[in-house]
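Visitor: Please take me through one part of this model slowly. I would like a close look at the place where the two chains meet.

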Amino acid sequence: MNPTQKHALSISVVLFLVLISIYFIYPPAKSTRLGLDLKGGMHVILSAKPFPGSPVTENAMDQAMLIIRQRVDKLGVAEPEITRQGRNNILVQLPGIKRPEKALEIIGKPAFLEFKEVKGTDKKGKIILGKTEMTGRYLKDAQVDFDELGKPKVNLQFTSEGGRKFEEVTGRLVGKQLAIVLDGKVMSAPQVREKISGGRAEITGDFTIDKAKELALVLQTGALPVKLEIEENRTVGPTLGADSLRAGIKAGIIGLILVALYMLLYYRGLGGITCVALLVFATLFWGVIVIINKFTSWGWPLTLPGIAGIILTIGVAADSSIVIFERVKEEVKVGKTLRSAADSGFTHAFKTILDADFVTLIAAVILVFVGIGPVRGFAISLICGICLDLFTALFFTRPLLALLVRFKPFTRPTLVGIKEVVPE
Amino acid sequence: MNFDFIGRKKIWFSISGVIIAAGVIAFFFKGMNFGIEFKGGTIFDFKLKREISVGEARRVMRQFNLEKSIIQLVGKREILIRTPSLSREKQVLIRKVFNQEVGIEEIKYIQNVGPGWGAQITRAASLALIISLVSILVYISFRFEFKMAVTAIVALFHDLLITIGIYALVGREVTPSTVAAILTILGYSLYDTIVVFHRIRENAKQLGKRTYSMMVNDSINQVLMRSINTSLTTLLPVVSLLLIGGETLKDFAFALFVGLISGAYSSIFTASPLLALWKETEPYYKSLKKKYGKINAKN
């Protein structure tokens with residue numbers, strides 16, 4: 001293959017990739033997954049706090065995430081996202097949720113169930129509790145039911161091991177009161193009339209049907225192995241999200257147009273190459289986001305910080321063109337033909353771009369690993385942008401430039417923006 | 001056109017010094033305006049069913065002993081309330097009372113941040129900063145040379161100090177977005193510095209009858225248009241974000257805006273003169289300075 005064919009092939013491949021991107025992007029409103037800040041929803045960061053008897057271990061965090069996932073699934077939220085952030089934090093994102101406070105209560109509830117003997121009451125009438133006889137660990141199921149008076153209660157079903165244990169405990173405490181304690185609060189303290197076999201118990205109390213349902217739900221999913229505190233919770237209404245998205249898109253498009261105009265005015269024909277390259281870059285960028293969201297489970301929705309990252313990379317992409325063109329101009333000035341200047345200029349400039357991009361990349365990669373909250377979305381956009389920038393420069397800008405300088409009408413000084421073109 | 005950048009280094013260092021000093025003074029006397037992510041707190045943003053005055057909202061908040069909250073009207077029917085960090089129960093209660101007494105059409109935004117969260121973010125950001133700086137130092141030392149790496153990092157600190165100082169001066173709120181933007185400036189402000197250093201390294205191979213300073217000055221002049229253009233094309237989209245990007249994006253854009261300008265300035269006016277100063281302590285370049293320095297002075 002001669003160089004011309006090689007360049008043409010490279011451009012064709014890139015354009016083909018652009019077509020693939022467009023195929024996946026279209027229709028854009030459906031294909032692009034939006035983050036919570038753009039479509040509305042709730043965002044909670046739960047932070048595990050160690051307390052006596054339950055250190056924050058990897059295992060405990062994994063289990064806590066599993067339990068939270070089960071609880072969220074039972075809430076029936078579409079497309080929930082539960083992810084680890086750092087060592088001790090769990091990020092829960094619930095798009096379009098109707099009653100955020102209720103979800104918040106259910107997700108973070110420790111649901112630590114204990115059965116304790118009642119030793120009597122103190123002077124103020126407060127119950128004095130004995131040691132823990134049994135915990136919710138032996139629970140198999142919990143269901144809402146109603147008593148004879150139609151009041152809601154929660155039926156508990158133990159595992160077979162739990163059933164035996166419960167039988168032993170109730171046998172020992174006949175005639176005494178057994179308190180059912182949830183997260184340190186006495187729910188009820190019924191008197192044990194006889195030994196209870198069959199592994200069943202119930203929690204009665206003064207609660208509404210909603211509260212009973214919540215209780216059954218958290219008991220079904222089990223107790224959280226670590227104490228979770230809500231560090232941050234944020235609810236974004238749907239119109240605020242839509243407004244932000246509109247503002248972000250508008251800023252992006254205007255930014256792109258301004259950069260394109262500047263390049264055209266300053267670099268003329270070469271600027272035209274940049275404009276096409278920027279369009280290719282933007283389409284590929286969007287395509288990559290859509291394709292990653294479609295085929296992987298990474299979950300990379302478009303967020304506001306992500307939009308900021310994308311808009312910044314528009315500038316970075318234009319920078320690469322400038323570094324290349326300025327170098328080409330210089331080489332022409334020292335007497336090279338435009339054709340050979342385009343070749344050697346690119347090779348030199350690309351080394352500079354590589355070093356400069358690499359340093360930005362270092363910062364961005366570190367942001368992904370230690371970053372929290374909005375920082376990560378921004379950093380991921382930036383990384384993707386830098387890689388695509390190098391790709392576009394190498395496989396699109398370069399061959400296009402090489403082909404166009406072989407094309408006589410393009411090399412006229414007025415068009416190419418370089419005055420001292422040495423006649424070939 | 002050949003502008004004397006290096007010869008006027010005292011002017012550039014003074015300009016940087018004055019801005020940084022102003023920032024440092026503002027930092028210690030005014031302090032930074034940290035957002036609720038850092039100091040903890042709760043923000044409510046309600047769209048109400050009818051118009052309301054700040055006084056009326058304050059009366060509602062008095063029931064919770066929160067009459068000292070920061071209350072802002074956004075338009076006539078939207079209200080923003082900032083309080084210290086509240087428990088979930090209290091958040092629900094405030095929402096309910098507002099709904100009963102005024103009527104909420106839409107909850108636009110509720111955010112609560114516990115008091116410990118800021119410390120976690122700060123720790124993560126400091127960690128990111130330290131790892132970035134060390135990696136960049138190692139990378140530039142490896143690809144270029146140690147003295148260039150150090151001067152590039154000094155230029156970075158210059159940009160960081162200026163950005164933080166300007167934030168203290170204008171009293172703009174510092175959010176996690178600001179932190180992200182500042183960390184990005186790290187990488188980006190190096191872009192310009194690297195472009196200049198690339199040229200310096202290339203020209204150092206053929207000094208001719210020039211001192212190191214003269215060669216650095218020529219290098220800056222050669223890449224000047226490139227530096228101006230790359231800075232401008234990055235600034236254009238950032239300005240567009242700053243003007244029309246909506247509140248969250250403006251946070252990013254403002255920090256980026258300040259950092260980018262400072263970054264473009266420091267690669268030419270801070271990093272390069274410092275490099276020249278330092279390199280001319282080496283015996284070889286010192287002798288060149290003795291030999292050709294006077295010619296430079298005459299011109």
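Guide: What follows is a walk through the interface of chain A and chain B, with some stops inside each chain afterwards.

This is a predicted model, in which local features need pLDDT of at least 70, side-chain atom pairs count only at pLDDT 80 or more, and totals for chains, interfaces and linings use all residues. Residues are numbered from 1 along each chain as its sequence is written, chains are lettered from A and ligands numbered from 1 in the order in which they are written, and side-chain values use heavy atoms, with hydrogens and water left out.

Confidence comes before detail. The predictor gives the complex an ipTM of 0.80 and a pTM of 0.75. For chain B the average pLDDT (the predictor's confidence in each residue, from 0 to 100) is 86, and 98% of the residues score at least 70. Where pLDDT is low, the predicted coordinates should not be read in detail.

Now the interface itself. Chain A brings 66 residues to the contact (heavy atoms within 4.5 Å) and chain B brings 62 residues. The size of an interface is often given as the accessible area lost when the parts come together. Here the buried area (the accessible area, with a 1.4 Å probe, that two parts lose on being put together, summed over both) is about 5700 Å², and carbon and sulfur atoms give 66% of it.

Polar contacts join the two chains at 19 residue pairs, both residues being at pLDDT 80 or more. A polar contact is a pair of N or O atoms within 3.5 Å; within protein, one must be able to donate a hydrogen and the other to accept it, and residues adjacent in sequence count only if both atoms are side-chain atoms.

Several elements of chain A each supply at least two residues of the side that touches chain B, among them strand 1 (41–49), strand 11 (227–236) and helix 10 (304–333). Helices (H or I, at least four residues) and strands (E, at least two) are DSSP runs, numbered from the N terminus. On that side of chain A there are 39 nonpolar, 13 polar and 14 charged residues. Ala, Val, Leu, Ile, Met, Phe, Trp, Tyr, Cys and Pro count as nonpolar, Asp, Glu, Lys and Arg as charged, and the others, Gly among them, as polar.

Side chains of opposite charge can pair when their charged atoms come close. Four salt bridges (a side-chain nitrogen of Lys or Arg within 4 Å of a carboxyl oxygen of Asp or Glu) cross between chain A and chain B. In one of them, E330(A) meets R199(B), with the closest N and O atoms 2.6 Å apart.

Strands also meet across the interface. Strand 11 of chain A pairs with strand 5 (residues 104–113) of chain B in the antiparallel sense, over five bridges; two strands pair if DSSP finds at least two bridges between them. E232(A) has V113(B), in strand 5 of chain B, opposite.

Two stops inside the chains remain. Within chain A, E133(A) and R172(A) form a salt bridge at 2.8 Å, N to O. E133(A) belongs to strand 5 (residues 127–135) and R172(A) to helix 6 (residues 160–172), 39 residues apart. In chain B, L242(B) sits in helix 8 (residues 212–244) and touches K250(B), A253(B), F254(B) and F257(B), leaving aside residues up to four places away in sequence.
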